[in-house]
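Trainee: Take one part of this model and walk me through it closely, please. I'd like the pieces tied together rather than a list.

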Amino acid sequence: MTHPRDRRREADTVTTGTAGTTAQVIPLHRGREVVTEPIPAPPGADRGRDPVVALPGRAEPLPEADGVASPPEVLDRLLGFLRHRLTGDYRIDEFGFDPELTETLVLPPLRLLYEKWFRVSTEGLANVPGEGGALLVCNHSGVLPIDSVMTAVAVHDEHPAHRHLRMLGADLLFRTPLLGTLARKSGQTLACHADAERLLGAGELVGVWPEGFKGVGKPFASRYKLQRFGRGGFVSAALRAGVPIIPCAIVGAEEIYPKIGDIRPLARLLGLPYFPVTPFFPLLGPLGAVPLPTKWYIEFGEPLRTDALDADAEDDPMLVFNLTDQVRESIQQMLYRRLSQREGVFKG
């Protein structure tokens with residue numbers, strides 16, 4: 001009988017290049033066995049010119065960002081990026097993740113925010129594994145989900161393995177024109193059990209913010225008080241994949257947009273979960289949308305192992321509830337400890 005954590009779905013075959021040409025699909029690992037048999041392409045599976053690579057990694061890794069690149073290196077990288085776009089010589093994985101685009105166009109502007117504006121400090125990155133699947137569970141805040149992308153920059157730039165954090169996002173993100181496409185290309189995917197389990201099973205580092213809109217849109221008076229974590233879906237996904245759960249506490253994001261009100265009729269009209277009112281927005285218009293330059297801390301806690309639990313652990317609702325509560329309490333305690341140590345919102 002196959003263990004639930006060893007179940008792996010085979011990768012979907014897609015076609016690339018000219019119509020009817022089947023791309024080489026590098027197989028996903030399935031336990032210790034590697035699937036090597038080609039799978040016939042289903043009708044209508046053509047997704048354009050983007051070659052598809054396996055989730056576990058790239059055959060030829062792109063050079064990672066160690067320190068600040070010199071102007072010639074930046075220019076060379078940009079020219080290489082443009083050449084690959086024109087020739088179609090670039091690769092994506094089956095979720096649409098484009099590593100070259102992410103490292104060339106997405107990360108550099110985020111890195112400026114990370115280093116110069118929020119001056120992010122990290123602690124406990126040794127708790128994040130350098131390879132293999134793991135689930136990063138973080139608190140959520142700040143009106144706009146800037147905390148998620150700053151966490152991704154921290155993992156990519158400061159971890160020795162320079163891993164990409166595959167973030168799980170709400171469906172609103174992927175329904176938004178342009179932003180949804182960019183999210184897919186930068187490695188994000190829909191926050192659902194199937195996608196989470198597939199990424200974790202393929203050895204990816206996955207990030208989840210279980211407070212959702214309740215956390216990112218909470219009023220300023222409730223800052224650093226964790227909201228409900230739902231039904232523990234992230235715990236079930238980690239149990240099925242047999243990967244560690246790493247609690248992560250983010251301090252500093254709560255104050256970038258102090259939310260003091262919510263225009264609910266306007267939010268319903270625009271199809272948004274809330275329409276925030278801050279001391280500067282919408283009073284100052286676009287200028288009020290500039291986040292305050294608070295000092296940030298991101299702490300990665302001790303991993304919670306799941307591979308030693310019983311095979312049917314994910315089917316035990318009480319166990320899932322207890323693990324969810326344990327992760328939530330760990331994050332809350334890290335937040336309280338960090339808040340007691342910082343000297344000020346902007347000073348750190």
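**From a helix end to the sheet**

Mentor: Let's start with Trp 117, which sits in helix H2, a helix covering residues 99-117. Keep in mind that we're looking at a predicted model. With a relative accessible area of 32%, Trp 117 counts as partly exposed, because the label covers values between 20% and 50%. Trp 117 also helps make a nonpolar surface patch of about 600 Å², together with Phe 280, Leu 283, Leu 284, Leu 287 and Val 290.

Now to the sheet. It's an open one with seven strands, ordered S5-S13-S10-S6-S9-S7-S8, and the pairing is mixed. S5 (121-123) and S8 (189-190) are the edge strands: each has a single partner strand, so one side of each lacks a neighbour in the sheet. In general, sheet strands pair through backbone hydrogen bonds, in a parallel or an antiparallel sense. For S8, the pairing with S7 (residues 165-169) is parallel and runs over two bridges. There, Leu 168 is opposite Thr 189 of S8.

Next, look at S6, residues 134-138, and pick out Val 137. Val 137 has a relative accessible area of 0%, so this residue is buried. Leaving aside residues up to four places away in sequence, Val 137 touches Val 208, Pro 210, Phe 229, Phe 234, Ile 245, Ile 246, Pro 247, Cys 248, Val 327 and Ile 331. Ala 249 is 112 residues from Val 137 along the chain, yet their C-alpha atoms are separated by 8.6 Å.

So, to put the two side by side: Trp 117 is partly exposed, whereas Val 137 is buried.

Technical notes:
Residues numbered from 1 in each chain as written. Predicted model: local features only at pLDDT ≥ 70, side-chain atom pairs only at ≥ 80, totals over all residues. Heavy atoms only, no water. Patch = residues over 30% accessible without salt bridge, like charges linked within 9 Å, V, L, I, M, F, W, Y side chains within 5 Å. Areas by Shrake-Rupley, 256 points an atom, 1.4 Å probe, with all protein chains shown as cover. Salt bridge = Lys/Arg side-chain N within 4 Å of Asp/Glu carboxyl O. Helix = DSSP H or I, 4+ residues; strand = E, 2+ residues; numbered from the N terminus. Buried < 20%, exposed > 50% of the residue type's maximum accessible area, 1.4 Å probe, protein only. Pairing = 2+ DSSP bridges. Contact = heavy atoms within 4.5 Å.
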